Amino acid sequence: MSSPDTLARLEATIAARRTADPESSYVARLNAKGPGKIAQKVGEEATETVIAALTQDRKALTGEAADLIFHLMVLLGAKDVPLADVLAELDRREGVSGIAEKASRPKD
Ligand SMILES: N=c1c2ncn([C@@H]3O[C@H](COP(=O)(O)OP(=O)(O)OP(=O)(O)O)[C@@H](O)[C@H]3O)c2ncn1[C@@H]1O[C@H](COP(=O)(O)O)[C@@H](O)[C@H]1O
């Protein structure tokens, strides 16, 4: 079942598979090729997501978005950036944008 825990579970799976047998694991195969190849895959999946958004249906966009998020998670893992750090940065921005919104609101 999908939930906010989905990405946390995926992060744990990716960490566990990094050093698995490349014969049986796509994550291990990608990591064996290095961060340059993983970053290239993120770029390709981002492009495919954009194309799907502009020329295809919601189902195609959903699939490409999943590919993009998955490959981004593999890249974060390869660069030892915890998902929690990314989520904390989003939380921080939420706080900042809330402050900016309040500051621009006319005073009554
Ligand atoms: N979410 C995914 C996921 N999404 C996409 N993919 C794979 O990503 C690949 C992308 O396909 P492409 O055609 O773009 O790439 P390719 O031709 O296989 O490879 P390149 O030559 O382009 O590098 C496919 O092989 C997909 O199977 C994924 N592979 C794995 N996962 C998750 O990662 C977990 C661990 O996977 P393994 O490492 O394989 O055990 C799985 O249980 C899943 O939860």
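Student: What makes the crossing of helix 1 past helix 4 a right-handed one?

Tutor: Helix 1 passes helix 4 in a right-handed crossing, a name used if the near helix is turned clockwise from the far one by less than a right angle, whereas an anticlockwise turn is called left-handed. This is a predicted model, in which local features need pLDDT of at least 70, side-chain atom pairs count only at pLDDT 80 or more, and totals for chains, interfaces and linings use all residues. Residues are numbered from 1 along each chain as its sequence is written.

Student: Why are helix 1 and helix 4 called oblique to each other?

Tutor: Their angle is about 55°, with the axes 10 Å apart. Angles under 35 degrees count as roughly parallel, over 145 as roughly antiparallel, 65 to 115 as roughly perpendicular and the rest as oblique, and helix 1 and helix 4 are therefore oblique.

Student: Why are helix 3 and helix 4 called roughly antiparallel?

Tutor: Helix 3, residues 35-55, packs against helix 4 at an angle of about 160°, with the axes 8 Å apart. Helix 3 and helix 4 are therefore roughly antiparallel to each other, and helix 3 passes helix 4 in a left-handed crossing.

Student: Which residues are around the ligand?

Tutor: A residue counts as near if its C-beta atom, placed from the backbone, lies within 6 Å of the molecule, and the residues around the ligand include L10, R17, K41 and D67. Helix 1 (5-17), helix 2 (26-33) and helix 4 (58-78) each give two or more residues to this shell.

How values were computed: Helix = DSSP H or I, 4+ residues; strand = E, 2+ residues; numbered from the N terminus. Axes fitted to C-alpha atoms, helices over the stretch in contact; angles between N-to-C directions.
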